[in-house]
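Here are my notes on the model, set out as numbered points. Please read them with the coordinates open.

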Amino acid sequence: MKYRILKHISRRLCFLIVGAFLLMQPTVFAQQRTGNIVEYFGKEKIDDIKEGKLLHIFKTGLALKVPSLNFSSFPKDPVFNKFLTVPSYRPVSEAVFDIDISGTELRWKTISTDTTNSFNEPHLRSSYVYLNYRSAVSRTVLFEASGHSVALINGQPHEGDYYDYGWNLIPVRLQKGNNTFLLKVGRFPRIRARLIIPDARVQLTERDMTTPDILAETRQDYMGAVRLINSTDSWVKGHRIHTQWAGGSRITEVPAVPPMSVRKIRFDVADAPAEEDLGAKALTLQLKNKNRPVGKQIAINLQLRSRFKHHKRTFISDIDGSVQYYSVAPNSNEESKNAALFLSVHGASVEAVNQANAYKQKDWGTLVAPTNRRPFGFAWEDWGRLDALEVLGNAKTMFKPDPKKIYLTGHSMGGHGSWYLGATYPDHFAAIAPCAGYPDLLAYRDYFVSKRLSMSQRELSAMGISPQMVAAFMRKSEPSAVERIIKRAGTPSRTLKLIRNYLHLGIYVLHGEKDDIVPTSIARDMRQHLGEFHPDFTYYEYPDGTHWYGDHSVDWNPIFDFFKQREIPEDKAVKTIEFSTGSPGVSSGSHFVKILQQKRPFQVSSFTFNRDPLELQTQNVATLKLDRQTINDSVSEIVIDGGKLPLPKADTVVFKNIDGAWQLADEPELSEKGPHRSGGFKDAFRNHMVFVYATRGTKTENDWYYNRARFDAEKFWYRANGSVELVRDIEFSLDKYPDRNVILYGNSDNNAAWNKLLNKSPIQVKNNEVNFDGKKLYGEMWGMYFITARKDSDTASIGVVTATGAKGMKAAYMNHYLVNGTTFPDVVLFDDTILSHGVSGIKCAGFFGNDWSVANGEFEWK
């Protein structure tokens, strides 16, 4: 057994990260900063206004602290519930909003800004901030706020600026008279809010651009992305972006941008002249309409670099058609062929550029660092997982590595990414090296909840957490059947349930001896787990090491020495496989055996393969496929779960379990569930999805569903660096948007696209009625999320955000399905108590059958 605990001589530590939950990567800049470097890693907050003139700074407001230890895909939110359901509600100072479980009155308190024009007080954690502005006239402004996770602006939800970057600019039509702004405080206990009169009704903004590096030795065009602000009540169509860089120019068509919205859009950049010197060169961007300039010109610097040195590359994502980037530490051996490829996934708030820069170039391989869609992103799950796979595929095409020499590593949240991606795709890598990582995101979160609960009551009280709240949180109750099925939707992320997948891989675990950010005890637990079954892992604790102790926290030579000794085996050399998955739609198999369908969706499905004698043992597998070409032609039989079956000579062989007995079968129709589309609800938000919103309802319905689709688009931009196309229902056609996922907002009465897409769906929703495969519920209080197959496509899915009336619409305002760590099955039906009562407001949740039917699915009702 290659299980070793190494002890090396301690080296001088570079610096210690000052206490915080989410973790950073070092740069020289960060080491020179003062204050909480966790807050500033990767991004510098934007203070300057270049988009218009400052109209108003909010300097006074009201704050309401609502302490909570609640973590849920459906959290209680009584404050937003109040503002949504009672539009006339206006708090005043010292007004009692509620009385908490300890009998304490929750009062609105007057707050004022500091010298930075920010509301900045420790007690703002777990708080809501209420602001109002009285306008003498109706006018359009940009609402620029930071430090909040979500906002209600005159009763309509909008995405916040959770990480306090100063990015968010929301076009708002101020009403004549009073205008209300309710902000939920985000990661840090501070809020800044300003109103800006835009210089132009349509304009570009420098905030949050995605830019490439131009590579001197490569002849090609490049692409970046910039945000276009549409402050008008009309669609922006027919515009172009003109760019000039190093003497070259390009023109890019601008996609349609909806009214009163902001969308991040692509622009193209010309290649560099062959004789151009390396360094920064000015890039200009000018938006034009029929060759007339629109708004001000933007000028920024792009870097001309050597492709043989650290650089970043951009690409178009298949998730939403947006421009993303990844960073590269190229192979230092410029003549190397069939070299290795290292995928390095970053920690929370770390830019991919900084991740790659922490590594010296290697002489036997190229290192690439994906973004996770954002420095915080999705903890390498959900769309972070898809980003890692896209970058891995792009890098394989670009650098053409030896397919046997692919490796995975990462630090902190990226250490979690290494554990998670390694368990989920074990045949993709020869070895993994989690550094300062935690295997399971929810278990890590629960660790910090437990740590908080272990604090003294005096400390807890200072945070507004009473003994009664602690007692209520600690009180164990049996989860309901509905709660269990919602939790089950998260099975693909429960890394420890997939732990035996690590048998595919060599593993090097690196952790600081005195890490209190990701406690060393977590790494020691994994060492114990691996020690019980794994024959090829190394565990090393860096003496006196904290969470980050210099670049060698990741660029650790013994890791790369470990990698060099391991390769992915050829399929025909693989004698045994153990593989588990939570869903074939996330990960379907290993090497030459694939799970196509499950018996029970989102329960762990697994197989154990032995080549000699040829045998498969399975659990929770309905259909599986074997690549016959990897099996010797002389083998004519296979044993599956104790039953002997013939093994015909063919490229692939499919087996189906029917009533407990395996038999040869045809591959399932693509119209059924499979690795190409298998639910739950989050899976709808990929495959170049398009948001289709209702326009055939009342003005209230139309306004709500348009804003609801825009809210999701705002969130996907902020959380995932996304760019989502919005389409009016009457302009949607199947032919115009073939094989693309569709998110439909509305119901059959108000969304004209419903019958085009969902006329055969077993779930039908209209005003005042839900028809759940023949079971009917009545009233305007019902809201629902569900995913189903797009019947005119072999690959695309439809996600539905729907309601039976005004109460259901407002109950469905939350979009926690676009946040990592949340779990959503195929279907969730709830009523208008969900905001006040949380998960107990869910009436039904569950999964469709493999044929996308209710009859063959699994649903729980309350």
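1. Start with the open sheet of 8 strands in this predicted model. Its order is β42-β41-β43-β48-β47-β49-β50-β51. The pairing is mixed. The edges are β42 (725-728) and β51 (858-861). Each has a single partner strand, so one side of each is left without a neighbour in the sheet. From one strand to the next, the twist averages 15°.

2. Look next at β47 and β48 within that sheet. Strand β47 covers residues 783-789 and strand β48 covers residues 797-803. The two run antiparallel, joined by 7 bridges. For a register check, take isoleucine 787: it stands opposite glycine 799 in β48. As background, strands of a sheet pair through backbone hydrogen bonds, either parallel or antiparallel.

3. Two helices deserve a look against the sheet. Helix α10 (residues 481-488) packs on it, touching β50 (842-847) and β51. The direction of α10 makes about 45° with that of β50. Helix α13 (residues 699-720) also packs on the sheet. The strands α13 touches are β41 (690-693), β42, β43 (742-745), β47 and β48. Its direction makes about 165° with that of β41.

4. Which residues have the most contacts inside the largest nonpolar core? They are Trp108, Phe685 and Phe691. The core itself has 93 residues. Helix α13 gives the most to this core, with 8 residues. So α13 appears twice in these notes: it packs on the sheet, and it supplies residues to the core. In soluble globular proteins, nonpolar side chains tend to be buried together.

5. There is a second, separate core, of 78 residues. Its members include Tyr165, Ala352, Tyr508 and Val509.

6. Now turn to strand β18 (residues 239-245). Is β18 mostly covered or mostly open? Mostly covered: 5 of its 7 residues are buried. β18 is joined to strand β21 (residues 279-289) by 7 bridges, and the two run antiparallel. Here tryptophan 245 stands opposite leucine 283 in β21.

7. β18 also pairs with strand β19 (residues 248-253), again in the antiparallel sense, over 6 bridges. Glutamine 244 has serine 249 in β19 as its bridge partner. β18 and β19 form a hairpin, with 2 residues between them. What is the phi of alanine 246 in the turn? It is positive, at about 50°.

Key: Residues numbered from 1 in each chain as written. Predicted model: local features only at pLDDT ≥ 70, side-chain atom pairs only at ≥ 80, totals over all residues. Heavy atoms only, no water. Pairing = 2+ DSSP bridges. Helix = DSSP H or I, 4+ residues; strand = E, 2+ residues; numbered from the N terminus. Axes fitted to C-alpha atoms, helices over the stretch in contact; angles between N-to-C directions. Contact = heavy atoms within 4.5 Å. Core = buried A, V, L, I, M, F, W, Y, C linked by side-chain atoms within 4.5 Å. Buried < 20%, exposed > 50% of the residue type's maximum accessible area, 1.4 Å probe, protein only.
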